Structure formats: structure tokens, C-alpha cells
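Reader: I should be grateful for a close look at a single part of this structure. Please describe how that part is placed, what lies beside it, and how far the model may be trusted.

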Amino acid sequence: MASVLLKQRSYNSLRTSLQVILRPWIRLSISTTSVRGELFKSVPEQTVPVEGKIQGSLPDWLSGKLIRNGPGLFEIGDTKLNHWFDGMALLHSFTIKSGKVFYASKFLRSDAYTKNMAANRLVVSEFGTGAVPDPCMTLFERVQSYFTSLTDPSTKITDNCLVNIWPAGDKYIASTESDFVHVFSPETLDAQQKIQLSKYVAVNSATAHPHIDVDGTVYNLGSSANGYTIIKIPPTGKDSHVMDKASVLCDVPPKNKLKPAYSHSFGATENYFVLLEQPFRINVLKVIKDALLNKPILADGIFEWQENELIRFFIVEKSSGNILPGKFFAPTGMVLHHINAYEDKGHVVVDVCGYDNGEVLYSNLTLEDMNSSRVEGDVTTIPRRYVLPIDQTLHDSSKENLVTLDYTEATAQLQEDGSILCQPESISEKSFEFPRIHYEKFNGRPYQFAYGLNETYEDLIKTDVKTKKCLTWSENGCSASEPVFVGKPESSGEDDGVILSAVLRVDESQPPFLLVLDARTMAEMARVEFPGIQWHKDVHGIFVPASALE
């Protein structure tokens, strides 16, 4: 198969490859122009909670905290950080209690943040900005520092956990895609404990999108010398370490250990995990070299797009860690976020936000470009469904299509070499990213509704994956955050609940607000404005019910 290596040796020339991973966060404007304003910028933390002004009515049953994570500081001393994912992690929360809503935020006191603030410069390289050398260090001390990093490369890896938040037993974790996570207090947002995953399980890094089983067990996909590694983190007691019972469930061998596929997330059904080996590859040797030299990830062209390579699916049994037989492939493409996956009559159904290719030729993710009023690009995020016939009795060579489910147009064809080529179907009339579902009751099970952000990173979309029809919330001059579904207690209805979203306004004279939508109709129930408060363009987050905080 032909391989196209994206040959970039400088930050600016790396932009094509990076869009494959990160383009859902770009505010795309393919055929129209709108005024954005400077939404991607530094904001101050708000450590003292402030009460918001409610318009409309909050549901009586809605009580708890919406906690979100994302970059909120882009200047350190004289250093201006180049990339959106260079910013220091800023946790912020909306506490909903007794019909009132309070806002607070606090920078995650990671080692990276603490060192940067103390030195008034960038001490550890981030995604797109290199560390500033200590002007007081002698040449000998710099050489000594280099050799120290050879024995402990983690000293050169940032613990700036700015991407997501997830629960682990009774604790809450801030994470990014590295070897480090931070335990923090959901009440105060204070960092409590830094954890290096590789000290407990054999991984070099892990995704920021784990799955939480019904019993509270956390499963995550990591990378290791053995390939793609699924780790298992059962809940522990209140005074126990998060990783006390952690273990490796299985290792899935990659096609090329020195160039494994990038994975941002993975799928989970009731009995299986779904891993995708994609044509977007990471050059491991370059990653190691850049870490040792304290270079930013973008400095040396670590990503490779294998243009004509197929996507491969691995199905792993949750109970045993065994990889199911059968080689399942799909046409070349890229997946960042999984929507949901489930089992049905001998098939595994996998729904994702997909892309046709990795060669995207419009702007990169520098702050300058993120804040520009128009970003060009012929890009489409396609919510897709793949159907994998895992039951061997379905593998009938006389049949053109091995999929026997009557509600999908997705197909699976048996190839001469015994592999199965899966062709997807679109499951939404509108494209969207940052997908969320009623996770607590419908993750890993047959479902009907998904929520997300449109490609301009402004509008909220609800999709009926059975009919492909959509409902939308949109307001001029507003930029919504990832929608978070909160189900009504004691209700079995899949969309009986609300959608929460932290909305920024382009006009800075207008206050930002927490938006509360009826999840069934996408009609506005309430908005809670916070005059005089600034918050950041965040990434991911969760809702913590009041009962979990007691």
C-alpha cells in the first residue's frame, strides 16, 4: 500500500497533518463568513463562587455540578503560547442547588503550571510551544539536565491535564493524552494528587476518553511497547489510591510497533471493546527524541498519514481480554470520537464521527487562526455506522452482504482472503462532533439519540439515529460548548432530561451563560447569565449529581 508521509520540519508546515486529529475544534466556515471575536484567549480564574441570574425556569429535580476542562492561560511571562492545546488547564464548574446556580473556576495546579508560574516562563514544552531555557543555567547544567532526562523522560513530559474529566470510584480525574492524570476536588476544584500511570500499569500514555462500567470500573485505552493496551481500574475505597487495583486487561498488537495508530477514543458494548487501527500514525522514535530534547510535539513531524491504508477493527472480549477472531476492515478514514456501540443479533454496531481522509488543507490551530473571522476548508464530519458481523455463522461466502439487521444500510462483504470489508452508512442528516448520549443508561446498548456541536462550534444538534432527523439550537453571536445530557431521575425515557452547555458570546459586553435545554425538543428552558465573568473555550466535561457529592 502506498504511504504518504507528511514531511514537515517546522511548526507552520505541520498544520496539514494536525487537522486530521484536531479539526473538530476548529471553527469551520466553508461557505459563509461570520464575526467570531477573540474567544480563544486567556481568562482569569474565579476562585470565589458567584451567583448567576436565571432567565426561565430550572427543573426542580436538577441538582449537582457541571464541571468542565480546557485551556485558559496562553501567556507565561514574555512567552506567548502558540497553540490552543498549549494553554494551562482551567477547571470550571456550575453548581446547581435549590434553584440557584453558582460559577467558579481554578487553574489546575499541575507541576507544569506551578513551575511555569514560579519561573515566569514555559518550563516544560507543550503541544506546539517549546520550553524557554533557564537563562541562569550554565552549559554544563544544561547538558546535565539532558542526561537526567535520559534516565527519567517523564521529567520532560507535561502533566498539564487540559482535555477531560472522569470519575474513578469516589474520586474525580482531570486528564489529557499523556502518562499523567490529576485527582481533584469537585467541590473546590483543588488539585489533590498527581498520578503517573506507568508506575502502576504498563502504558506510556492513555486516552482522555475512558469508559465507565455500571459497577464503576474504569476502562481506558493506552499505548505501550506491546501495542494498544486496555487497562482496567476498579473502584477503590475512600482512603485508597485510585490505581490500587489497576491492571492490564489485554495488549492488541499493532501493524507496526514503531508507527502505531493514533487513538483519541474507543468503543464499548456490554461485552466487548472496539478498537480502531487508523491510517493516522505516530512515529514513536521522533516522539521519544522530542521528549528528551524538551521539544513541542509539533516540532519534528511525528505524524504520518497512510493514504491508502484501510481502517482495521479489533473486537476485544471484556471479560477475558481475548481478541475475537476475524479481520474487519473499512475504507480509509479517520475517527476522533466514538458516539456509541452495541451488540445486536451476532453483530457489533459501531457509531462514530468520521472523516474521509487526513489531508486537510485549511488553517491550523494556532490561536491566531482559531480567532480569525473566517477559516477555509472543504471538510465534513460524517456521523457513521459500521456493522461488524462477529458471529461466525454469518460468514456465508454465498451472500453479498453479511449484515442481516434490517434497520441499517451498512454492509459487510467477505473478501477472498477471509477478511471482511465493512462499508458504513450515514446516521444523521447533519454533521456534528463532540458527541454525547444518555451515557449512564444507554452506553453500550441500542439507543436512538445523540447530541453534539455542529462544525462551526456554535450550534447544538440532536440527532435521531433511527430516522437521521435533527433538531438544532442556535443563536446569533453565541458559541456553545459540548452538550452534556443529564437524565431526569427515575425516568426510563432516553431523552427525558436536559442538555447543559456553557455558552460564550462574541460580543464581550454581553455576559456568557449556562444554557439549559429540554433534551426532547431542544427548546430553551432556562439560561443563567454571569455578568462581569469571563470563562474560556473549554473542551470536555461531566455532570456530577448532588447525591455523588454528599
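Author: The account below begins with one strand and its sheet, and then turns to other parts of the chain.

The model is predicted, so that local features need pLDDT of at least 70 and side-chain atom pairs count only at pLDDT 80 or more, while totals for chains, interfaces and linings use all residues. Residues are numbered from 1 along each chain as its sequence is written, and side-chain values use heavy atoms, with hydrogens and water left out.

The part chosen is strand β10, which spans residues 180-184. Strands (E, at least two residues) and helices (H or I, at least four) are DSSP runs, numbered from the N terminus. Five of the five residues of β10 are buried, and the strand is therefore largely enclosed by the rest of the structure. Buried here means under 20% relative accessible area, exposed means over 50%, and partly exposed lies in between, with a 1.4 Å probe and protein chains only. Phe180, His182 and Phe184 point one way from β10, Val181 and Val183 point the other way, and all are buried. In a regular strand, side chains alternate between the two faces of the sheet.

The strand has a partner before it and another after it in the sequence. Strands are said to pair if DSSP finds at least two bridges between them. Strand β9, residues 171-175, pairs with β10 in the antiparallel sense over four bridges, and Ser175 has Val181 of β10 as its bridge partner. These two strands form a hairpin with four residues between them. With strand β11, residues 191-196, β10 again pairs in the antiparallel sense, over five bridges. Here the bridge partner of His182 is Lys194 in β11. The hairpin of β10 and β11 has six residues between its strands, and Leu189 in the turn has a positive phi of about 70°.

β10 thus belongs to an open sheet of four strands in the order β8-β9-β10-β11, with antiparallel pairing. At the edges stand β8 (164-168) and β11; each has a single partner strand, so one side of each is left without a neighbour in the sheet. From one strand to the next the twist averages 30°, where axes are lines fitted to C-alpha atoms (for helices over the stretch in contact) and angles run from 0 to 180 degrees between N-to-C directions.

A second open sheet may be set beside this description. It has six strands in the order β17-β18-β21-β22-β27-β26, and its pairing is mixed. The edges are held by β17 (267-268) and β26 (411-414), each with a single partner strand, so one side of each is left without a neighbour in the sheet. β17 pairs in the antiparallel sense with β18 (residues 272-277) over two bridges, and Ala268 has Phe273 in β18 as its bridge partner.

Ala268 also appears among the contacts of His211, beyond neighbours within four places in sequence. A contact means heavy atoms within 4.5 Å. His211 lies in strand β13, residues 211-212, and counts as buried because its relative accessibility is 11%. Its contacts also include Gly267, Phe266 and Tyr439. The side chain of His211 makes a polar contact of 2.9 Å with the side chain of Tyr439. Such a contact is a pair of N or O atoms within 3.5 Å; within protein, one must be able to donate a hydrogen and the other to accept it, and residues adjacent in sequence count only if both atoms are side-chain atoms.

Another buried residue is Leu453, at 0% relative accessibility, in strand β30 (residues 449-453). Its C-alpha atom is separated by 5.3 Å from that of Glu433, 20 residues apart along the chain. Residues touched by Leu453 include Phe432, Glu433, Leu460 and Pro483.

As to confidence, the mean pLDDT of the chain is 87, and 85% of its residues reach 70 or more; pLDDT is the predictor's confidence in each residue, from 0 to 100. It stays under 50 over residues 1-35 and again over residues 374-378. Where pLDDT is low, predicted coordinates should not be read in detail.
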